[in-house]
Amino acid sequence: MNRIFQFLSIAFLFVLVFNSCNKKEEKVQESKIISGAIWKDNNGVPINAHGGGMLYHDGVYYWYGEHKVEGLVGNTAQVGFHCYSSTNLYDWNDEGIVLRVVEDDPDHDIAKGVIMERPKVIYNQKTKKFVMWFHLEPKGVMYDGAKTAIAIADSPTGNFKYVRSMRPNAGHMPLNAGDLIEKPIHPVALSYRFGGSAIPFSTDSLNLVKRDFKNGQMSRDQTLFVDDDGTAYHIHASEENATLHISKLTDDYTDTTGEYVRVFPDRFMEAPAIFKKDGKYYLIASGCTGWAPNASRSAVAENIFGPWQELSNPFKGELAYISYDSQGNYVLPIAGKKDAFMYMGDRWNPTNPIDGRYVWLPIKFDIDGYPYVDYLPEWDFSEYEK
Ligand code: GAL
């Protein structure tokens, strides 16, 4: 009996030690960012938050993104925007759908089947509201709507209440419009339906901002940026995607003020992301090839309204020409770490959108202080201490 008891105790101890070793190994595996792998949430379900953005609020990261479904229909909004929360950026809790498409009113702005992309959420200190902006395309117009839309919540996990959609800055010419104010609108700008990634003449010759003066400027790929003084900006692909616009928001973050600039005319930049370091503004954006990856762009400015100086493709090495098979969606400042910023990108899967993957990489700064990204197949946040 004693022998059996001794044997069982040793076996039990062995199992305990073996298990704890294994757990340790699992933990190490979890605490890594492996771009392109399947990332699971706390329920073991692959994270579904594409074209995303991140909000850091009261010690918690909230990741918002497009909830995609299987098959070709999956690139339209069938469900809404999904939110996940984390305190360490490795382990993600499913917070559910925070803005759901409307199923019982086919004419609703966010009816099931419209296009809803690139949600970004910022917190307004004055109103205590969480304000979401996203790219909205009404049903049946493909990408011709070129609208932005706003939703508001009292808590970061929603639910968000849909407010309205619009073309920003209606009735205002850009602060740097120069001679576009007097210049006539080119007849081609009025009669031609542009394809989305090219225009026959320069934006200045077409005078697209003047064409869109009355009804508001086009707004497709977009992001938000809150400056140190609490002023927020909407940065969006405008003028048939050829030119980015940077627009100042109202104090409550629910509208544009009419103060905006056009930047990088005719450069066709999409997927904009802005961050600030040592008083300078940096932009990382993609080129304009739809879901297919391309070489990214970067730029720097002393003032968010410019002038902006375009720098090189921030991605280095062999796969730089396709940004490591990704298109950016956000640049996240890592809380509690100085000068630590993370590139967040999508590896889209156009034929099975739910299986799109995420590419997250640390942003580094070269000897001139310019941002660059090296490919790291796997890494953890101690990378920033190197
Ligand atoms: C990309 C854009 C995506 C999506 C896609 C549709 O250029 O960044 O958000 O709109 O085009 O083709």
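# Exercises on strands, pockets and cores

In strand S18, Phe-341 is the bridge partner of Pro-333. That pairing opens a set of exercises on this predicted model.

## Exercise 1: The strand pair around Pro-333

Task: Work out how S17 and S18 are paired, and find out whether S17 is mostly covered or mostly open.

Solution.
- Step 1. Start from the pair already named, Pro-333 and Phe-341 in S18.
- Step 2. Look at the strands as a whole: S17 and S18 run antiparallel, and six bridges join them.
- Step 3. Check burial, for which the cut-off is under 20% relative accessible area. Six of the seven residues of S17 are buried, and the strand is mostly covered.

## Exercise 2: The largest pocket

Task: Describe the largest pocket by its volume, and then say which residues are closest to its centre.

Solution.
- Step 1. The volume of the largest pocket is about 910 Å³.
- Step 2. Its lining has 36 residues, and those closest to the centre are Phe-225, Val-226, Asp-227, Tyr-330 and Pro-333. Pro-333 is thus familiar from the bridge with Phe-341.
- Step 3. Now turn to the elements. Those that give two or more residues to this lining are the strands S1 (50-57), S5 (115-124), S9 (222-226), S11 (243-249), S13 (270-277) and S17 (327-333).
- Step 4. Sort the lining by class: 22 residues are nonpolar, seven are polar and seven are charged.

## Exercise 3: The second largest pocket

Task: Give the volume of the second largest pocket and the make-up of its lining.

Solution.
- Step 1. This pocket has a volume of about 430 Å³.
- Step 2. Its lining consists of 22 residues, with Tyr-143, Arg-220, Asn-241, Glu-270 and Gly-290 nearest the centre.
- Step 3. By class, the lining of the second largest pocket holds eight charged, eight polar and six nonpolar residues.

## Exercise 4: Enclosed space

Task: How many cavities of 30 Å³ or more are there, and which residues line the largest cavity?

Solution.
- Step 1. The idea behind the search is simple: rolling a probe the size of a water molecule over the atoms shows where empty space is left.
- Step 2. The count is one cavity of 30 Å³ or more, and the largest cavity holds about 60 Å³ of space.
- Step 3. The residues lining the largest cavity are Glu-66, His-67, Lys-68, Gly-74, Asn-75, Thr-76, Ala-77, Gly-80, Phe-81 and Met-116.
- Step 4. At least two of the lining residues come from S2, and at least two from strand S3 (80-86).
- Step 5. The lining of the largest cavity divides into five polar, three nonpolar and two charged residues.

## Exercise 5: The nonpolar cores

Task: Find the residues with the most contacts inside the largest nonpolar core, and say which element gives the largest share of this core.

Solution.
- Step 1. The largest nonpolar core has 40 residues, and Met-54, Trp-63 and Trp-360 have the most contacts inside it.
- Step 2. Two or more residues of this core come from each of S2 (60-67), S13, S14 (280-286), S17, S18 (341-347) and S19 (357-365).
- Step 3. S19 gives the largest share, six residues.
- Step 4. There is also a second, separate core of 26 residues, including Ala-77, Val-101, Tyr-123 and Phe-130. Of these, Ala-77 also appears in the lining of the largest cavity.

## Exercise 6: The hairpin of S11 and S12

Task: Trace the hairpin, and explain why S12 is largely enclosed by the rest of the structure.

Solution.
- Step 1. S11 and S12 pair in the antiparallel sense, over five bridges, and Leu-249 stands opposite Thr-256 in S12.
- Step 2. Six residues lie between the two strands of this hairpin, and in the turn Tyr-253 has a positive phi of about 65°.
- Step 3. Six of the eight residues of S12 (256-263) are buried, so this strand is largely enclosed by the rest of the structure.

## Exercise 7: Two glutamines and a serine

Task: Decide for Gln-222, Gln-217 and Ser-191 whether each is buried or exposed.

Solution.
- Step 1. Recall that buried means under 20% relative accessible area and exposed means over 50%.
- Step 2. Gln-222, in strand S9, has 1% relative accessibility and therefore counts as buried. Polar atoms of its side chain lie 2.7 Å from the backbone oxygen of Arg-118 and 3.0 Å from the backbone oxygen of Trp-133.
- Step 3. Gln-217 sits in the loop between helix H4 (208-211) and S9. With a relative accessible area of 0%, Gln-217 is buried.
- Step 4. Ser-191, in helix H2 (187-191), counts as exposed because its relative accessibility is 63%.

Conventions: Residues numbered from 1 in each chain as written. Predicted model: local features only at pLDDT ≥ 70, side-chain atom pairs only at ≥ 80, totals over all residues. Heavy atoms only, no water. 1 Å grid on protein atoms, 1.4 Å probe; cavity = no way out; pocket = protein on both sides within 12 Å on 5 of 7 lines; lining within 4 Å. Points joined across faces, edges and corners; volume = space filled by probe spheres on them. Helix = DSSP H or I, 4+ residues; strand = E, 2+ residues; numbered from the N terminus. Nonpolar A, V, L, I, M, F, W, Y, C, P; charged D, E, K, R; others polar. Core = buried A, V, L, I, M, F, W, Y, C linked by side-chain atoms within 4.5 Å. Buried < 20%, exposed > 50% of the residue type's maximum accessible area, 1.4 Å probe, protein only. Pairing = 2+ DSSP bridges. Polar contact = N/O pair within 3.5 Å; in protein donor to acceptor, adjacent residues only side chain to side chain.
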